[in-house]
Amino acid sequence: MKALESYSKAIKIDPNYNHAHNNMGLCYSNLKEYVKALECYSKAIDIDPENALYNVNLGSLLILVGKDNEGEVYIDKAKDLLDKGKTTGLSEVNINYLKSQIEKYHKMHDSAKGINHKVAE
């Protein structure tokens with residue numbers, strides 16, 4: 001995949017190029033190579049932990065692979081960052097998308113809690 005090659009070259013030039021790490025994570029997620037995607041998203045967050053987009057991406061992928069509790073931490077952090085107005089580098093479209101993803105996650109999570117509660121009764 002040409003995109004992965006381009007991002008790899010960019011990272012060789014600048015290992016702290018957080019956008020390249022995040023975008024590689026997106027590529028690997030699309031290829032269903034989740035371990036590599038998790039590594040890339042984690043590296044992006046290591047470089048820029050206050051980036052809401054990176055936190056949503058990592059949180060969503062963790063949830064996808066069954067690590068709900070870990071994923072929730074990143075989703076909640078992204079929500080907190082957005083609530084505090086920490087949106088540097090994000091367009092209004094990105095901000096609205098992230099908010100909708102976080103809301104969608106919380107609705108699914110709350111719904112699942114309700115089902116689990118009913119089953120436990």
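**Notebook: helix packing, core and one loop proline**

I began with a helix pair in this predicted model, and found that the axes of α2 (residues 18-30) and α4 (residues 52-64) come within 11 Å of each other and cross at roughly 30°. Since angles under 35 degrees count as roughly parallel, I entered α2 as roughly parallel to α4. I then looked up the hand of this crossing, and for α2 and α4 it is left-handed.

Next I listed who makes the contact: from α2 the residues are Asn18, His19, Asn22, Leu26 and Ser29, while α4 brings Leu53, Tyr54, Asn57 and Leu61. Sorting the residues of this contact between α2 and α4 by character, I noted four nonpolar, five polar and no charged.

I stepped back to the whole chain, where I found six helices and zero strands, so that I could place the pair in its setting; read from the N terminus, the elements run α-α-α-α-α-α. The C-alpha atoms fill a box of roughly 55 × 30 × 20 Å along the principal axes. Of the 121 residues of the chain, 34% count as buried. For contacts between residues at least 6 apart in sequence, I recorded that 45% join residues at least 24 apart.

I turned to the interior and asked which residues have the most contacts inside the largest nonpolar core. They are Ala52, Leu82, Leu90 and Leu98, in a core of 30 residues. Each of α1 (2-13), α2, α3 (34-47), α4, α5 (68-83) and α6 (92-120) supplies at least two residues of this core, and the most come from α4, which gives eight.

I followed Ala52 further and set aside residues up to four places away in sequence; what remains in touch with Ala52 is Ala78, Leu81, Leu82, Leu90 and Leu98. Three of the partners in that list, Leu82, Leu90 and Leu98, also stand with Ala52 among the core residues with the most contacts.

My last entry concerns Pro15, which I located in the loop between α1 and α2. Is Pro15 buried, partly exposed or exposed? Its relative accessible area is 45%, and because exposed would require over 50%, I wrote Pro15 down as partly exposed. Beyond its neighbours within four places in sequence, Pro15 is in contact with His21, Lys43 and Ile47. I also checked Pro15 against Asn55, 40 residues apart along the chain, and the separation of their C-alpha atoms is 19 Å.

Terms used:
Residues numbered from 1 in each chain as written. Predicted model: local features only at pLDDT ≥ 70, side-chain atom pairs only at ≥ 80, totals over all residues. Heavy atoms only, no water. Axes fitted to C-alpha atoms, helices over the stretch in contact; angles between N-to-C directions. Helix = DSSP H or I, 4+ residues; strand = E, 2+ residues; numbered from the N terminus. Parallel < 35°, antiparallel > 145°, perpendicular 65-115°, else oblique. Left-handed = near helix turned anticlockwise from the far one by under 90°. Contact = heavy atoms within 4.5 Å. Nonpolar A, V, L, I, M, F, W, Y, C, P; charged D, E, K, R; others polar. Core = buried A, V, L, I, M, F, W, Y, C linked by side-chain atoms within 4.5 Å. Buried < 20%, exposed > 50% of the residue type's maximum accessible area, 1.4 Å probe, protein only.
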